[in-house]
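Biologist: Got a minute to go through this one with me? I'd like to start with burial and then move around a bit.

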Amino acid sequence: MKVIAIFDIGKTNKKLFLFTEEYEVVFEKSVQLTEIKDEDGDVCEDINALRHFITDSLAGVMSLTEFTISAINFSTYGASFVYVNEKGEPLTELYNYLKTYPADLHHQFYTTYGGEELFSTVTASPVLGSLNSGLQVFRFKNEQPDKYNQTLFALHLPQYISSLITKKFCCELTSIGCHTGLWNFNSKSYHHWVNKEKIIDKLPSLLPPSTSFSTTYNNHLLTCGIGLHDSSAALIPYLANFNEPFLLISTGTWCISLNPFNTAPLTNEELKQDCLCYLTYQGNPVKASRLFAGNEHEVQIKNLADFYKKPLTYFKAIEFNPEMVDSIRLDKESAKAFRETDLLNYETFEIAYHHFMFYLVKKQILSTKLIMNGTAVKRVFVDGGFSKNALFMNFLAMALPEIEIYAASMAQASALGAALAIHNDWNNKTVPKNIIELRYYSTK
């Protein structure tokens, strides 16, 4: 069976999928890798463990006689640079995008390049410290000049992983355009600071996200893509299937609300509330808002499991209970600030979890409406982990009764988008019209 292999690398889960030419998943593997600490004692991705997961998993599926791997591509989380030498070997740890950014370098950078407000507006990048990955390179240059000088290229994570297979180095638009501070959304080119600081010398050629290379890996001839930023990849199947205005909430560690039909420039007020712009694989801006909801869910599930002496996966079996919703509506204070609430107020895990999810969806609505208001959005699609969460989906439908709410049953839009990005280079068949199966959630 002819298939494409897609590595979908999230902050928490690292996944491998095999898709048929009809874009059906016929193989799935998922792992969580143990984080390590960098030289400052901050937790970070274990780049060596990640590399071994990629190469070992690929070798494993290549050995399966029922599949012929004809192509491969990658979607990964953003805001992460890998600095490689001439051999393509990493020179540093893969620094965490939550790593605290030095105040002196922050001040130096923004003072030099027009101030926070102007710079953020031009680059569509809220002031996010290390989450502005371009500033990571600026820090690397200033704090580790010896290693910086040894660096052949600074690669975003998708392109680094692709280079493990192709031995080729490049940049691509969806990774460069995701709140990096590198891209000028007005001129549609690198911001002038990239040239002024000579960072441009460490950035390889900028190629379209649909680029692929023909390469031989482990004696197998492959078509290999150059990877995409996962949020932009997640939009591809929806843009291919739906024409009427919609909004996508791509859920994972971060819940990213993406509105490709909001063309209004970012305002300073939106930037202050963590709105930004991504780029589609066609190079068009997409207004987005972000919420660290998946991370918050993970933290609270551990707290609830410890308190109620339940397994970590217990929440997955909890069904939406309308009677508990009525009690939440009466108890507005606890829903407003769940983290400050004493769990002794809740008799059971089920009650506590309903209160927490009500609180979390309220935050999600505030985030999503920042980019929804003023547009003709009629449908909201949810993909990723929360699309399988009955409480999240029902509370979302309750909060937006005038909007059609759908869960993507496949819930693998980032991986599917990475496959579709290089469709013409590996697949002679027409893209099916039913690649996204949707489940409608109604409050009626």
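Biologist: So how many of the 444 residues count as buried?

Modeller: 58% of them do, where buried means under 20% relative accessible area with a 1.4 Å probe, protein chains only. Keep in mind this is a predicted model: local features need pLDDT of at least 70, side-chain atom pairs count only at pLDDT 80 or more, and totals for chains, interfaces and linings use all residues. Residues are numbered from 1 along each chain as its sequence is written, and side-chain values use heavy atoms, with hydrogens and water left out.

Biologist: Thanks! Which residues have the most contacts inside the largest nonpolar core?

Modeller: Trp-193, Leu-304, Tyr-353, Met-357, Val-380 and Leu-396, in a core of 73 residues. A core here is a set of buried Ala, Val, Leu, Ile, Met, Phe, Trp, Tyr and Cys residues joined through side-chain atoms within 4.5 Å. Helix α14 (residues 349–372, a DSSP run of H or I, at least four residues) gives the most to this core, with 12 residues.

Biologist: And what does Met-357 touch?

Modeller: Leaving aside residues up to four places away in sequence, Met-357 touches His-297, Phe-386, Asn-389, Leu-391, Phe-392 and Phe-395; contact means heavy atoms within 4.5 Å.

Biologist: New topic: how many disulfides turn up?

Modeller: The search finds 0, counting pairs of cysteine sulfur atoms within 2.5 Å.

Biologist: Why no bond for Cys-171?

Modeller: Because its closest cysteine sulfur, in Cys-170, is 7.0 Å away, too far for a bond. Cys-171 is also buried, at 4% relative accessible area.

Notes
Buried means under 20% relative accessible area, exposed over 50%, partly exposed in between (1.4 Å probe, protein chains only). Helices (H or I, at least four residues) and strands (E, at least two) are DSSP runs, numbered from the N terminus.
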